[in-house]
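Here are my notes on this one, in the order I'd go through them with the model open. Shout if you'd like any point expanded.

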Amino acid sequence: MIQLKNSNDIKPVLQLKHCTCPPASKSNKFWLLLLGGLVAASVVVMILLWQVPVSNVRIYKEGEIITTINLLTVNQPYTYTVEGMVHTGGVSGLNIVEIDHGRVRMQKADCPDGYCVRQGWINSGLVPVVCLPNRVVIAFESGTDNTGIDAVVG
Ligand SMILES: [Zn+2]
């Protein structure tokens, strides 16, 4: 009776001593995996949050905002013409922006490269449409800085 009790008391202590050291590296890997997963998840959440609040799109000409359009109020697609830019060579530039519900694109441009037209529709603030030769940019508001800048412009 007494011997049995003794062996039961000792065994857990021995197991504990054996187990403490080796699983430490395993749990490190687990925490690294967990941390990596959390970072990946937060990046996804940030991208989603970035896309949700943007509804206003701005058209810039030579670095200045010439108009701000709320794309969620657009029911019928229409075009907005930006003209009068002078790109290298002294030729007047022309850009026609097409505005639709929740999306916008450069429909036509007389720039030499035509890159802005090829960019197609954009519906988020991740990548703006840039017409470098005509110095026209179509960019979404980030959703946080709109009030201050609009107040200054208006
Ligand atoms: Zn262009």
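1. Contacts along the chain: among those between residues at least 6 apart in sequence, 39% join residues at least 24 apart. Bear in mind as you look that this is a predicted model. Of the chain's 154 residues, 14% count as buried.

2. Confidence next. The mean pLDDT of the chain is 78, with 66% of residues reaching 70 or more. By element, helix 3 (residues 115-118) has the highest confidence at 96, while helix 4 (residues 146-153) has the lowest, at a mean of 41. Residues 144-154 have pLDDT below 50, and beyond near neighbours in sequence that stretch has four contacts in the model. Where pLDDT is low, the coordinates shouldn't be read in detail, so I'd leave the fine points of that stretch alone.

3. Overall layout: four helices and seven strands. Reading along the sequence, you get α-α-β-β-β-β-β-α-β-β-α.

4. Now the sheet. Four strands make an open sheet in the order 2-1-7-6, with antiparallel pairing. Strand 2 (64-70) and strand 6 are the edges; each has a single partner strand, so one side of each is left without a neighbour in the sheet. On average, neighbouring strands are turned by 15° against each other, direction ignored.

5. Pair by pair, starting from the hairpin: strands 1 and 2 have two residues between them, and Glu-62 in the turn shows a positive phi of about 50°. Six bridges join these two strands, and Arg-58 sits opposite Thr-68 in strand 2. Strand 1 is also joined to strand 7, by five bridges; there Lys-61 stands opposite Val-136 of strand 7. At the other edge, three bridges link strand 6 to strand 7. Val-136 turns up again here, with Cys-131 opposite.

6. Which residues touch the most other members of the largest nonpolar core? Among its 15 residues, they are Val-97, Met-106, Cys-116, Cys-131 and Ile-138. The elements giving two or more residues to this core are strand 1 (56-61), strand 4 (91-100), strand 5 (103-109), strand 6 (129-131) and strand 7 (136-140). Strands 1, 6 and 7 are thus among the contributors, and they also belong to the four-stranded sheet.

7. Cys-116 is worth a click. Leaving aside neighbours within four places in sequence, Cys-116 contacts Met-106, Ala-109, Cys-111, Val-129, Val-130 and Cys-131. Two of these partners, Met-106 and Cys-131, are also on the list of core residues in point 6.

Key. Residues numbered from 1 in each chain as written. Predicted model: local features only at pLDDT ≥ 70, side-chain atom pairs only at ≥ 80, totals over all residues. Core = buried A, V, L, I, M, F, W, Y, C linked by C-beta atoms within 7 Å. Buried ≥ 20, exposed ≤ 12 C-beta atoms within 10 Å, placed from the backbone. Contact = placed C-beta atoms within 7 Å. Pairing = 2+ DSSP bridges. Axes fitted to C-alpha atoms, helices over the stretch in contact; angles between N-to-C directions. pLDDT = per-residue confidence, 0-100.
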